[in-house]
Amino acid sequence: MGDHTPSGDSADDRLDRIIDEVVAPAAEEVDRAGRFPRESVDALARAGVLGMTVGPDAGGQGAPVADAARVVERLAGACGSTAMVVLMHYAATAVLDAHGPGEIRRAVAKGAHLSTLAFSESGSGSHFWAPLSTAVALPGGRIRLDADKSWVTSAAEADSLVWSSRPLDPGTGGAMTLWLVPGDCPGLRAGAAFDGFGLRGNGSVPVTAREVTVPATARLGADGAGLDIALATALPCFLVLSAAFALGVMESLLTAAAGRLTGTRPAHPGRSQAGRSLTRDAFARLRLRADTTRAFLNDTLATLGEGRPDATLRVLQVKAVAAEAAAEVGDGVMRLCGGSAFRRGLGVERRFRDALASRVMAPTTEALYDFTARAALGLPLLPEPA
Ligand SMILES: Cc1cc2nc3c(=O)[nH]c(=O)nc-3n(C[C@H](O)[C@H](O)[C@H](O)COP(=O)(O)OP(=O)(O)OC[C@H]3O[C@@H](n4cnc5c(N)ncnc54)[C@H](O)[C@@H]3O)c2cc1C
């Protein structure tokens with residue numbers, strides 16, 4: 001994010017401008033109407049934000065996950081829905097950049113292609129590593145896909161879906177195969193508009209596939225290798241960016257709380273809310289939750305950057321640390337800001353609702369605790385299939 005245009009503004013400046021001029025002003029209405037933030041996504045695409053993680057050989061900047069984390073954090077502070085759309089796009093792009101065709105990578109790099117992950121299914125719930133959807137080889141080299149995907153962010157808006165299925169050949173020994181499925185494939189149906197508790201504009205709806213066919217070349221990586229690919233590409237990206245997302249929401253909640261505490265009309269002359277020691281104590285506890293999350297995220301990014309041996313463990317832990325902190329900070333700020341936060345004007349209740357999404361997104365906090373214990377105890381990461 002350090003590159004400068006001839007006029008001297010950096011990528012950070014451009015992102016700030018888009019957030020101030022496009023993303024933040026639309027956030028309240030995106031949430032209220034539950035509509036996809038198309039204008040924000042388009043502005044980010046034009047500014048090169050959606051394409052920056054693609055490798056330079058396909059026209060991108062090869063930006064590291066640390067840069068993507070800064071983008072997601074800043075977006076999440078303004079509009080959770082926009083941040084989640086970008087987050088899922090970056091996670092899908094991690095797979096596409098490693099295994100996708102050159103033309104799609106170039107389109108992503110140019111900002112002309114929005115992607116997402118279609119992993120979760122009604123049959124397997126949050127256990128995305130055990131898909132039930134099928135892939136069958138047809139005569140003539142085409143593949144038939146059938147599935148009931150339960151949640152796909154940007155489903156009706158994305159140009160492609162990075163799609164999981166059972167392997168074509170059950171004999172591969174793998175649990176999953178990945179496919180690049182165009183968003184407008186005949187037989188693909190996105191469900192009705194998302195009516196969620198939070199992230200109401202992220203367009204995360206069920207998608208069914210009935211006799212969808214794709215060419216055999218749509219396969220991303222080897223048959224049966226999908227889980228290994230997801231664990232090596234999409235998952236680390238998703239986990240780190242989810243932590244950055246939670247941090248962005250926490251920071252904006254704490255900013256709102258600080259403004260409220262220092263600006264509130266004093267209950268007694270000479271004493272603002274910030275003058276009460278119990279209030280300061282409550283605020284400090286929440287501030288600590290955000291600051292420890294930032295320290296943990298920074299350490300996780302350092303493990304990845306330096307290739308440290310504890311990188312896998314940190315990556316598995318960081319979303320759980322951040323998601324639980326965000327839920328606590330959201331609840332705490334709602335309490336600190338009192339009745340004023342309970343109505344819409346402050347934007348605190350919207351952020352509180354957005355803050356609760358991360359812990360139920362797969363891998364959920366419960367799954368990550370299990371993974372953490374398994375990694376620390378030297379057990380296989382995933383349970384053996386029943
Ligand atoms: C806003 C949003 C956007 C999303 N976007 C996408 C997307 O783009 N792509 C995608 O693939 N998915 C997406 N998802 C889906 C998400 O990743 C999860 O798969 C989904 O939320 C799981 O919901 P469920 O009701 O099936 O949960 P369940 O699997 O039924 O789990 C319910 C609860 O039970 C717990 N639980 C489950 N199994 C166990 C166990 N063995 N032990 C202990 N506890 C357990 C879980 O941790 C969870 O808290 C999204 C979800 C949300 C909320």
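User: Quick one on H12. What span should its 13 residues have at 1.5 Å a residue, and how far apart are its end C-alpha atoms?

Analyst: This is a predicted model. At 1.5 Å a residue, the 13 residues of H12 should span 18 Å. The end C-alpha atoms of H12 are 18 Å apart, so the two agree.

User: What follows H12?

Analyst: Gly 378 follows H12. Its phi is positive, near 75°.

User: Switching to the ligand. How many residues surround it, and which are closest?

Analyst: The ligand is surrounded by 23 residues. Gly 125, Ser 126, Trp 151, Thr 153 and Thr 364 are the closest.

User: Which helix and strands each supply at least two residues of that shell?

Analyst: Helix H12 (365-377) does. Strand E1 (115-118) and strand E3 (142-152) do as well.

User: How does the shell divide into nonpolar, polar and charged?

Analyst: There are 12 nonpolar and 10 polar residues in the shell around the ligand, with 1 charged.

User: Which domains does the shell draw at least three residues from?

Analyst: Domain 2 (118-224) and domain 3 (233-377) each give at least three.

User: What does the domain assignment give for the chain?

Analyst: The assignment gives domain 1 (11-114), domain 2 (118-224) and domain 3 (233-377).

User: How far apart are domain 1 and domain 2, centre to centre?

Analyst: Their C-alpha centres lie 22 Å apart. The contact between them takes 19 residues from domain 1 and 20 residues from domain 2.

User: On the domain 1 side, which helices each supply at least two residues?

Analyst: Helix H1 (11-33) and helix H4 (80-99). H4 gives the largest share of that side, 9 residues.

User: And by class, what is on that side?

Analyst: The side of domain 1 that touches domain 2 has 11 nonpolar residues, 6 polar and 2 charged.

User: New topic: Ile 143. Where does it lie?

Analyst: Ile 143 lies in strand E3. That strand also supplies at least two residues of the shell around the ligand.

User: Is Ile 143 buried or exposed?

Analyst: Ile 143 counts as buried, because 20 C-beta neighbours lie inside 10 Å. The cut-off for buried is 20 or more.

User: What does Ile 143 touch, leaving out residues up to four places away in sequence?

Analyst: Ile 143 touches Ala 135, Val 136, Ala 137 and Leu 138. It also touches Thr 213, Val 214, Ala 216 and Ala 218.

User: How far apart are Ile 143 and Ala 218, in sequence and in space?

Analyst: In sequence, Ile 143 and Ala 218 are 75 residues apart. In space they are 8.8 Å apart, C-alpha to C-alpha.

Conventions:
Residues are numbered from 1 along each chain as its sequence is written. This is a predicted model: local features need pLDDT of at least 70, side-chain atom pairs count only at pLDDT 80 or more; totals for chains, interfaces and linings use all residues. A residue is near a molecule or strand if its C-beta atom, placed from the backbone, lies within 6 Å of it. Helices (H or I, at least four residues) and strands (E, at least two) are DSSP runs, numbered from the N terminus. Ala, Val, Leu, Ile, Met, Phe, Trp, Tyr, Cys and Pro count as nonpolar, Asp, Glu, Lys and Arg as charged, and the others, Gly among them, as polar. Domain bounds come from an automatic or database domain assignment. Two residues are in contact if their C-beta atoms, placed from the backbone, lie within 7 Å. The expected span of a helix is 1.5 Å times one less than its number of residues. A residue is buried if 20 or more other C-beta atoms lie within 10 Å of its own, exposed if 12 or fewer, and partly exposed in between; C-beta atoms are placed from the backbone.
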